[in-house]
Amino acid sequence: MAGKSDTERSDVARIRAVLARELETINEYEAFAEDSSNPEVKAFFLHLAAEEKEHVSEATHMLRMLDKGQDSHFAKPFVPGHFQAAVGNVPSEPALPAAPP
């Protein structure tokens with residue numbers, strides 16, 4: 001982020017903090033929904049989670065606008081095996097469960 005003002009840097013840091021909190025909150029609301037046996041309560045928590053997902057989208061949009069270095073990573077494609085290739089462990093075929101002895 002070289003060349004950016006202190007205000008822009010702190011805005012980016014604040015957006016990232018919001019993004020982290022929103023993601024954590026989605027997990028909590030979805031867990032609350034899963035744990036509830038009351039359909040109305042379950043629907044309430046899923047509704048809240050959906051709202052937080054919109055906030056994640058909005059925060060990501062703001063982050064991409066403010067940090068072009070971060071934005072460039074969103075344009076990179078991730079092909080199947082991307083993560084395995086990074087550690088030099090690319091399976092030739094999907095792993096199958098081992099047959100019982």
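Which side chain meets Glu30 in a salt bridge, and how far apart are N and O? The partner is Lys53, and the N to O distance is 3.0 Å. This is a predicted model, so let us take a friendly walk through its helices, starting with the charged pairs.

## Salt bridges between helices and loop

The salt-bridge count comes to four. In the pair just met, Glu30 sits in helix H1 and Lys53 in helix H2, so that distant parts of the chain, 23 residues apart, are linked. Both partners are partly exposed: Glu30 has a relative accessible area of 29%, and Lys53 has one of 44%.

Another of the bridges joins Asp67 to Arg16, with the closest N and O atoms 2.6 Å apart. Asp67 lies in the loop between helix H2 (39-66) and helix H3 (68-74), while Arg16 belongs to helix H1 (residues 6-35), so this pair ties together parts that are 51 residues apart in sequence. The two ends have their own surroundings: Asp67 is buried, at 7% relative accessible area, whereas Arg16 is partly exposed at 34%.

A further bridge brings together the side chains of Asp71 and Arg64, at 2.4 Å from N to O. Here Asp71 is partly exposed, with a relative accessible area of 22%, and Arg64 is partly exposed too, at 32%. As a general point, side chains of opposite charge can pair when their charged atoms come close.

## Helix H2 from its start

Helix H2 has 28 residues and spans 41 Å from its first C-alpha to its last, close to the 40 Å expected at 1.5 Å a residue. At the start of H2, Asn38 offers a side-chain oxygen that comes to within 2.8 Å of the backbone nitrogen of Glu40.

Which residues of H2 are buried? They are Phe45, Leu48, Ala49, Glu52, Val56, Ala59, Thr60 and Leu63. It helps to recall that an α-helix has 3.6 residues a turn, so residues three or four places apart point the same way. Ala43, also in H2, is partly exposed at 42% relative accessibility. The C-alpha atoms of Ala43 and Ala33 are separated by 7.1 Å, with the two residues ten places apart along the chain.

## Two nonpolar cores

The largest nonpolar core has seven residues: Val12, Ile15, Leu19, Ile26, Val56, Ala59 and Leu63. Helices H1 and H2 each supply at least two of its residues, and H1 gives the most, with four. A second, separate core has five residues, including Ala33, Phe45, Leu48 and Ala49.

Ile26, one of the residues of the largest core, is a good place to pause. Leaving aside residues up to four places away in sequence, Ile26 touches Ala49, Glu52, Lys53 and Val56. Among these contacts, Val56 belongs to the largest core, Ala49 is part of the second one, and Lys53 is the salt-bridge partner of Glu30.

## Aromatic residues

The model has four aromatic pairs. Which residues form one aromatic cluster? They are Tyr29, Phe32, Phe44 and Phe45. Phe45 deserves a second look, as this residue is also buried in H2 and included in the second nonpolar core. In general, a pair of aromatic rings is described by the distance of the centres and the angle of the planes.

Definitions and conventions. Residues are numbered from 1 along each chain as its sequence is written. This is a predicted model: local features need pLDDT of at least 70, side-chain atom pairs count only at pLDDT 80 or more; totals for chains, interfaces and linings use all residues. Side-chain values use heavy atoms; hydrogens and water are left out. Rings of Phe, Tyr and Trp (its six-membered ring) pair if their centres lie within 6.5 Å; planes under 30 degrees apart count as stacked, over 60 as edge-to-face and the rest as tilted. Buried means under 20% relative accessible area, exposed over 50%, partly exposed in between (1.4 Å probe, protein chains only). A nonpolar core is a set of buried Ala, Val, Leu, Ile, Met, Phe, Trp, Tyr and Cys residues joined through side-chain atoms within 4.5 Å. Contact means heavy atoms within 4.5 Å. The expected span of a helix is 1.5 Å times one less than its number of residues. A polar contact is a pair of N or O atoms within 3.5 Å; within protein, one must be able to donate a hydrogen and the other to accept it, and residues adjacent in sequence count only if both atoms are side-chain atoms.
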